[in-house]
Amino acid sequence: MKRMGMIFRAKANKALDRAEDPRETLDYSYQKQLELLQKVRRGVADVATSRKRLELQLNQLQSQSGKLEDQGRKALALGREDLAREALSRRAALQQQVTDLETQHATLQGEEEKLTLAAQRLQAKVDAFRTKKETIKATYTAAQAQTRIGEAFSGISEEMGDVGMAIQRAEDKTAQLQARAGAIDELLASGALDDQSGMHKDDIQAELDRLSGGTDVELELQRMKAELAGGPSGGQQAIEGGNGQQQQSQQPQDTPRFDKQ
């Protein structure tokens, strides 16, 4: 089971590596950082809101404390010491609340300053990451394009591999058809196959046609020479005279010779 689980995780990891695009991963990381920065800013705003609310409460308590002090002073001036004592007692209770609120206000103010500083640092990191992210994305895109161009030139890419296979299949089919055509021509020439169109000639007929064509060419050549020599009649006579002289030269000389006495 452990081995099966390891194999499954390995294959899943490999599939994720093929499906993962670093540019998309960087964009997602940048988006998460922006969300975190937004949360920090929202926290700063919440702390500032709480601090402002405490400041309003402090102002109200301080105003009430001053009012009670004035009332106690007036009551004491009128000889109402009991009322003056009550006013001062209430003022003391308000002063305790003011002290507590001032402590909370100082704490919130310190937290606000810390969150503001953290937000500024996080903003600087997010800006630096955005710049680095865009640089990495541009480099990755350029490397990817360069790799595709190299694969296209070398023919190892999937698209160019399909084109190369199509060209190879076309060349193979062309060579097969040429070989088949040559084989059929040889079989027709040897007489192993009959030409149903009647236009094919065997070797003997072709040799006879060649000899006949050569004789016609020789006769035509003699006729043209005769025309150039003196016309058709003169050429005919020259040909006949030449034939007569040849025949006389070929006859044996049987005439007896008589000596003079």
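The dialogue below walks through the fold, the nonpolar cores, an aromatic pair and a buried serine in a predicted model.

User: Before any single side chain, how many helices and strands does the protein chain have, and what pattern do they follow?

Analyst: The protein chain of this predicted model has 5 helices and 0 strands, and the pattern along the sequence reads α-α-α-α-α. Of its 261 residues, 13% count as buried, while the accessible surface comes to about 21,600 Å², with 55% of that belonging to carbon and sulfur atoms. Among the contacts with a separation of 6 or more, 75% are accounted for by residues 24 or more positions apart.

User: Which residues make up the largest nonpolar core, and which helices supply them?

Analyst: As a general idea, nonpolar side chains in soluble globular proteins tend to be buried together. Here the largest nonpolar core has 7 residues, namely Leu54, Leu58, Leu61, Leu68, Leu94, Val98 and Leu101. Helices α2 (22–77) and α3 (81–154) each supply at least two residues of this core, and α2 provides the largest share, with 4 residues. A second, separate core of 6 residues includes Tyr30, Val40, Leu122 and Val126. To look at one member of the largest core, Leu54 is in contact with Leu101, Gln104, His105 and Leu108 once its neighbours within four places in sequence are left aside.

User: How should I read the aromatic pair, and which residues form it?

Analyst: In general, a pair of aromatic rings is described by the distance of the centres and the angle of the planes. A search of the whole structure finds 1 such pair, formed by Tyr30 and Phe129, whose centres are 6.4 Å apart with 15° between the planes. The pair is classed as stacked, because the cut-off for that class is an angle under 30 degrees. Tyr30 lies in helix α2 and Phe129 in helix α3, so the pair ties together parts that are 99 residues apart in sequence.

User: Are Tyr30 and Phe129 buried or partly exposed, and which charged end sits over the ring of Tyr30?

Analyst: Tyr30 counts as buried because its relative accessibility is 16%, whereas Phe129, at 21%, counts as partly exposed. The charged end of Lys133 sits over the Tyr30 ring, 5.0 Å from the ring centre.

User: Where is Ser65 found, and with which side chain does the side chain of Ser65 make a polar contact?

Analyst: Ser65 is found in helix α2 and, with a relative accessibility of 3%, counts as buried. Its side chain makes a polar contact with the side chain of Gln95 at 2.9 Å. Not counting residues up to four places away in sequence, Ser65 touches Arg91, Leu94 and Gln95; of these, Leu94 is one of the residues of the largest nonpolar core.

Key:
Residues are numbered from 1 along each chain as its sequence is written. This is a predicted model: local features need pLDDT of at least 70, side-chain atom pairs count only at pLDDT 80 or more; totals for chains, interfaces and linings use all residues. Side-chain values use heavy atoms; hydrogens and water are left out. A nonpolar core is a set of buried Ala, Val, Leu, Ile, Met, Phe, Trp, Tyr and Cys residues joined through side-chain atoms within 4.5 Å. Buried means under 20% relative accessible area, exposed over 50%, partly exposed in between (1.4 Å probe, protein chains only). Contact means heavy atoms within 4.5 Å. Rings of Phe, Tyr and Trp (its six-membered ring) pair if their centres lie within 6.5 Å; planes under 30 degrees apart count as stacked, over 60 as edge-to-face and the rest as tilted. A charge sits over a ring if NZ of Lys or CZ of Arg is within 6 Å of the ring centre and within 35 degrees of the ring normal. A polar contact is a pair of N or O atoms within 3.5 Å; within protein, one must be able to donate a hydrogen and the other to accept it, and residues adjacent in sequence count only if both atoms are side-chain atoms. Accessible areas come from the Shrake-Rupley method with a 1.4 Å probe; for residues, only the protein chains shown count as cover.
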